[in-house]
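Here is a short tour of one protein chain, from its packed interior to its empty spaces. Please keep the viewer open as you read.

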Amino acid sequence: MTKPKIAIVVGSLRKDSVNRKVAQAVCAIAGERLDCHIAEIGDLPLFNPDIEASPPPQWARFKAEIAAADGILFVTPEYNRSMPGALKNAIDVASRPYGQSAWEKKPAAIITASPGGIGGFGCNHALRQSCVFLDMPVMQQPEAYLGHVTDKSFNPDGSLTDPGLAKLVRNIATAFADWVGLI
């Protein structure tokens with residue numbers, strides 16, 4: 001049986017982002033059931049309707065990656081109680097032109113990780129609103145607001161140092177693999 005292809009969209013552009021590390025931990029855990037790869041967003045020019053008729057190659061590459069995926073995993077920090085601008089730009093790029101969205105019907109999950117206590121709650125819900133409009137069925141449970149996540153949350157090999165956090169990430173990864181299989 002072929003493993004579902006999962007495009008992971010990491011909202012942080014920082015090279016050593018804890019969200020990228022969480023995404024890699026999910027891939028490691030779910031690797032037997034899902035074929036994961038990170039769909040990079042850092043090189044996407046800002047969305048501009050004036051150029052969507054002749055899109056930049058970065059837009060075409062990203063949209064093709066999303067279209068080819070069987071599911072989408074968003075792993076992102078929260079910026080000012082919402083999603084990072086680069087993530088919003090990526091959503092816009094792959095949703096256009098109107099009526100040709102690559103996101104439509106893709107099962108999705110959202111993980112927000114933050115050094116703060118509420119774990120990106122505001123971003124998680126702002127992103128859910130976009131997913132509803134984009135007609136993406138988003139996994140409801142377990143909700144994934146990972147608080148108090150810092151660079152110290154990871155060993156040099158990428159594994160999680162906190163057993164409780166590791167268990168939560170494992171539960172989320174397993175639930176997402178199940179969710180993709182349901183849709």
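A cavity is a set of grid points where a 1.4 Å probe fits but cannot get out, and its lining residues have an atom within 4 Å of a point. Please bear in mind that this is a predicted model.

## The enclosed space

With that definition in hand, how many cavities of 30 Å³ or more does a search of the whole structure find? The search finds one, and the volume of this largest cavity is about 40 Å³. Its walls are formed by Val10, Ser12, Leu13, Arg20, Ile38, Ala39, Glu40, Ile41 and Gly42. By class, that lining comprises five nonpolar, two polar and two charged residues.

## Gly11 and its surroundings

Val10 and Ser12 both line the cavity, so it is worth stopping at Gly11, which counts as buried because its relative accessible area is 2%, under the 20% cut-off. Gly11 sits in the loop between β1 and α1. Beyond its neighbours within four places in sequence, Gly11 makes contact with Ile41, Val75, Thr76, Pro77, Pro84 and Leu87. One of these, Ile41, also belongs to the cavity lining.

There is a long-range relationship to look at here too. Gly11 and Lys88 are separated by 77 residues in sequence, while their C-alpha atoms are 8.6 Å apart in space.

## Helix α3 and Asn89

Next, have a look at helix α3, which covers residues 85–95. Its buried residues are Leu87, Asn89, Ala90, Ile91, Val93, Ala94 and Ser95. The elements covering them include β1, α2 (57–68), β3 and α4 (121–133).

Is Asn89 buried or exposed? Asn89 is buried, because its relative accessibility of 7% is under 20%. What does its side chain reach? The Asn89 side chain comes to 2.6 Å from the backbone nitrogen of Phe47, and it reaches the backbone oxygen of Leu44 at 3.5 Å. Setting aside residues up to four places away in sequence, Asn89 touches Leu44, Pro45, Leu46 and Phe47.

## The nonpolar cores

In soluble globular proteins, nonpolar side chains tend to be buried together. Here, the largest nonpolar core has 33 residues, and the members touching the most others are Ile8, Val22, Leu73, Ile111, Leu146 and Phe176. At least two core residues come from each of β1 (5–10), α1 (18–30), β3 (71–76), β4 (108–113) and α5 (163–182). Helix α5 makes the greatest contribution, with ten residues. Another core, of 28 residues, lies apart from this one, and its members include Ala69, Ala90, Trp103 and Leu134.

Leu146 is a good residue to select in the largest core. Not counting neighbours within four places in sequence, Leu146 contacts Val22, Ile111, Thr112, Ala113, Ser114, Gly119, Leu165, Leu168, Val169 and Ile172. Two of the other well-connected members, Val22 and Ile111, are thus among its contacts.

## The largest pocket

Finally, turn to the open space. The largest pocket holds about 260 Å³. Its lining consists of 14 residues, and those nearest the pocket centre are Ser95, Tyr98, Ser101, Phe133 and Leu134. Of these, Leu134 is also a member of the 28-residue core, and Ser95 is one of the buried residues of α3.

Helices α3 and α4 each provide at least two lining residues, with α3 giving the most, four. The pocket lining is made up of four nonpolar, five polar and five charged residues.

Key:
Residues numbered from 1 in each chain as written. Predicted model: local features only at pLDDT ≥ 70, side-chain atom pairs only at ≥ 80, totals over all residues. Heavy atoms only, no water. Core = buried A, V, L, I, M, F, W, Y, C linked by side-chain atoms within 4.5 Å. Buried < 20%, exposed > 50% of the residue type's maximum accessible area, 1.4 Å probe, protein only. Contact = heavy atoms within 4.5 Å. 1 Å grid on protein atoms, 1.4 Å probe; cavity = no way out; pocket = protein on both sides within 12 Å on 5 of 7 lines; lining within 4 Å. Points joined across faces, edges and corners; volume = space filled by probe spheres on them. Nonpolar A, V, L, I, M, F, W, Y, C, P; charged D, E, K, R; others polar. Polar contact = N/O pair within 3.5 Å; in protein donor to acceptor, adjacent residues only side chain to side chain.
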